[in-house]
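The following exercises concern the protein shown below. Each consists of a task and a solution worked step by step.

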Amino acid sequence: MSTTYSLLDLAPVPEGFTPADAIQNTLDLARHAEDWGYHRYWLAEHHNMPGIASSATAVLIGLVAQATASMRVGAGGIMLPNHAPLTVAEAFGTLATAFPDRIDLGLGRAPGGDGAVIRALRRDPMADSFPQDVVELLTYLGPEQKDAAVRALPGEGTNVPVWILGSSLFGAQLAAHLGLPYAFASHFAPSDLTQALQVYRDRFRPSPWSEKPHSMIAINVFAADDSAEAHYLRTTMQLAFARLRTGMPGKLPRPTRDLDGEIGVKMREAVDHALTISAVGNPDEVRDQLRILIDTYKPDEVILTGQIHDHRARLRSFEIAADVMQDL
């Protein structure tokens, strides 16, 4: 039995293109992903980043759901501290009402932006009520409560599946405590992956939402018919990470033939560590690397991602990945 595979998209805005192009590319990729057997198509909330067009995540989820027929569509994730739980419940309750049994809601604890973004969102930087907010949100999406002082309408009774997202032990502990599925952001923060999965599995408490632990890990994939071409395509994401780390975020860079000359060896080593959970190469190489990652971490699902500048090359990469995953 093959491992369930899904796709994480940030709606990247490549250099030389516009956010409108990025949104059209996302819709095109989603249609293809459905044909290629991807189970979920998730979009992530980021703010104040010229290279990402998924800031209004719920809006884009609606567009993707409308453009597809059966694939699950959701957030990977919504940064809950940026929003009132009621607002999120109403948005995703509306989506679930329009697209029954197709909407997922992954919740993150990070702000999805810098200090200026936190202030612009009117968020209290000292507040940390994430666990309480998750419980409140679950209540809004749960069974009908006619006598409640506040109700999510639409929202209540939709029971939108809620996931906890994380890149540390905190999210693993919370997901286990609440009995929710858990997705680890291993595509950019691999250090705690092994321990977080162990903590989640060991401490999981059955709940109305899940009887047993259910984990998903994120894997970068850069696949091409030629191995050298795949490694060349990967330099786009390496450049983007380096620029973000040095305070120069921008549109998704074009790939380069001289990565070390552009960012230096030390920065490349740091970036490559962040991107450890990756599969890069031709179909055979990607198959072998994905098999090792799945055998090592034993996730219930994997979610594949990959920032590639050229849209056609990005489509081909995810097509190869889907072909490979059907055998794993």
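**Exercise 1. Place R316 and describe its surroundings.**

Solution. The model is a predicted one.
Step 1: R316 belongs to helix α12.
Step 2: the relative accessibility of R316 is 29%. Buried requires a value under 20% and exposed a value over 50%, so R316 counts as partly exposed.
Step 3: between R316 and A224 the C-alpha to C-alpha distance is 6.8 Å, although 92 residues separate them in sequence.

**Exercise 2. Determine whether T3 is buried or exposed, and list its contacts beyond its neighbours in sequence.**

Solution.
Step 1: T3 is located in the segment that precedes β1 (4-9).
Step 2: its relative accessibility is 14%. The limit for buried is under 20%, so T3 counts as buried.
Step 3: once neighbours within four places in sequence are set aside, T3 contacts I294, P299, D300, E301, V302, M325 and L328.

**Exercise 3. Identify the residues that touch the most other members of the largest nonpolar core, and the helix that gives the most to this core.**

Solution.
Step 1: the largest nonpolar core holds 77 residues, of which Y38, L105, V134, L290 and L304 touch the most other members.
Step 2: the greatest contribution to this core comes from helix α12 (residues 311-325), which supplies seven residues.
Step 3: another core, of 16 residues, lies apart from it and includes L239, A242, V271 and A313.
Step 4: for V134, the contacts outside four places in sequence are L80, L107, I164, L174, L178 and L180.

**Exercise 4. Explain why the protein is as compact as a globular protein of its length, and characterise the fold as a whole.**

Solution.
Step 1: the secondary structure consists of 12 helices and nine strands.
Step 2: the radius of gyration is 19 Å, and the globule rule gives 20 Å for 328 residues; the two values are close, so the protein is as compact as a globular protein of that length.
Step 3: along the principal axes, the C-alpha atoms fill a box of roughly 65 × 45 × 35 Å.
Step 4: 53% of the 328 residues count as buried.
Step 5: among contacts with a separation of 6 or more, 72% join residues 24 or more positions apart.

**Exercise 5. State what the protein exposes and how its charged side chains are placed.**

Solution.
Step 1: the exposed area is about 14400 Å², with 53% of it supplied by carbon and sulfur atoms.
Step 2: there are 28 positive and 39 negative side chains.
Step 3: the centres of these two sets are 3 Å apart.

Conventions. Residues are numbered from 1 along each chain as its sequence is written. This is a predicted model: local features need pLDDT of at least 70, side-chain atom pairs count only at pLDDT 80 or more; totals for chains, interfaces and linings use all residues. Side-chain values use heavy atoms; hydrogens and water are left out. Helices (H or I, at least four residues) and strands (E, at least two) are DSSP runs, numbered from the N terminus. The radius of gyration is taken over C-alpha atoms; the globule rule is 2.2 Å times the number of residues to the power 0.38. Buried means under 20% relative accessible area, exposed over 50%, partly exposed in between (1.4 Å probe, protein chains only). Contact means heavy atoms within 4.5 Å. Accessible areas come from the Shrake-Rupley method with a 1.4 Å probe; for residues, only the protein chains shown count as cover. Lys and Arg count as positive and Asp and Glu as negative; His and the chain ends are not counted. The place of a charge is taken as NZ of Lys, CZ of Arg, CG of Asp or CD of Glu. A nonpolar core is a set of buried Ala, Val, Leu, Ile, Met, Phe, Trp, Tyr and Cys residues joined through side-chain atoms within 4.5 Å.
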